[in-house]
Amino acid sequence: MPTAAKLVAAICLAVVAWFASEAVKPLFPEGQAFGNFNYWNTAIGLLCGWVILGSRAGRGFSAGISNGATAVVSMTLVALFVYATDEMINRAFRRFYDDPFEAVVAIAELALEFGVKIFDGQVVVTLLVGGILSGIL
């Protein structure tokens, strides 16, 4: 059921995702083509804000803080899964894997690799502060 809390949570996490995307870009090599990176992350933020954060609204200040942090961690994990799956599919079309199981396992490996790459102070602070503020709102 659509509520104002879900709408506000979705917009807030979308904004956090946009700023986190901008904070991630300098961590990659110069000349990296990002394409629609910010837009995809914003869409993931909208979805996680609506489903995760918005559905848990109205339970108090401390619950808002923890729900905001949970939503941001979930948003990050979903984004890592999406980008790892995309990279796995690109590699699979270039016949990088010998069998399907190897390709599925590669999703976890790629997500971990991307997660380590984006684990930077500025990105973490952006996500946590944005998530906590989103949960409070």
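**Reading a five-helix chain**

Analyst: Leaving out residues up to four places away in sequence, V78 touches I44 and C48. Contact here means heavy atoms within 4.5 Å. This is a predicted model, in which local features need pLDDT of at least 70 and side-chain atom pairs count only at pLDDT 80 or more, while totals for chains, interfaces and linings use all residues. Residues are numbered from 1 along each chain as its sequence is written, and side-chain values use heavy atoms, with hydrogens and water left out.

User: How many helices and strands does the chain have?

Analyst: Helices (H or I, at least four residues) and strands (E, at least two) are DSSP runs, numbered from the N terminus. This chain has 5 helices and 0 strands, in the order α-α-α-α-α along the sequence. Its C-alpha atoms fill a box of roughly 50 × 30 × 20 Å along the principal axes.

User: How is the length of α3 read against what is expected?

Analyst: The expected span of a helix is 1.5 Å times one less than its number of residues. With 33 residues, α3 reaches 48 Å from its first C-alpha to its last, close to the 48 Å expected.

User: Where does V78 lie, and is V78 buried or exposed?

Analyst: Buried means under 20% relative accessible area, exposed means over 50%, and partly exposed lies in between, with a 1.4 Å probe and protein chains only. V78 lies in helix α3 and is partly exposed, because its relative accessible area is 32%. V78 and C48 stand 30 residues apart in sequence, with 8.7 Å between their C-alpha atoms.

User: Which residues does Y83 touch, not counting those up to four places away in sequence?

Analyst: Y83, also placed in helix α3, touches F37, W40, N41 and F114. Its accessibility of 22% makes Y83 partly exposed. The C-alpha atoms of Y83 and W40 are separated by 9.8 Å, although the two residues are 43 apart along the chain.

User: What does S21 touch, and is S21 buried or exposed?

Analyst: S21 sits in helix α1 and is buried, because its relative accessible area is 2%. Apart from residues up to four places away in sequence, S21 touches F37, N38 and N41.

User: Which residues touch the most other members of the largest nonpolar core?

Analyst: In soluble globular proteins, nonpolar side chains tend to be buried together. A nonpolar core is a set of buried Ala, Val, Leu, Ile, Met, Phe, Trp, Tyr and Cys residues joined through side-chain atoms within 4.5 Å. The largest one here has 30 residues, and L13, M75, M88 and L127 touch the most other members. Two or more residues come from each of α1 (4-24), α2 (37-53), α3 (61-93), α4 (100-118) and α5 (121-136). Beyond its neighbours within four places in sequence, L127 contacts V16, A20, V72, M75 and T76. Over the chain, buried residues make up 38% of the 137 residues.

User: What phi does R95 take, and where is R95 placed?

Analyst: Most residues other than glycine have a negative phi. R95 has a phi near 60°, a positive value in a residue other than glycine. R95 comes just after α3, in the loop between α3 and α4. It counts as exposed, because its relative accessibility is 76%.
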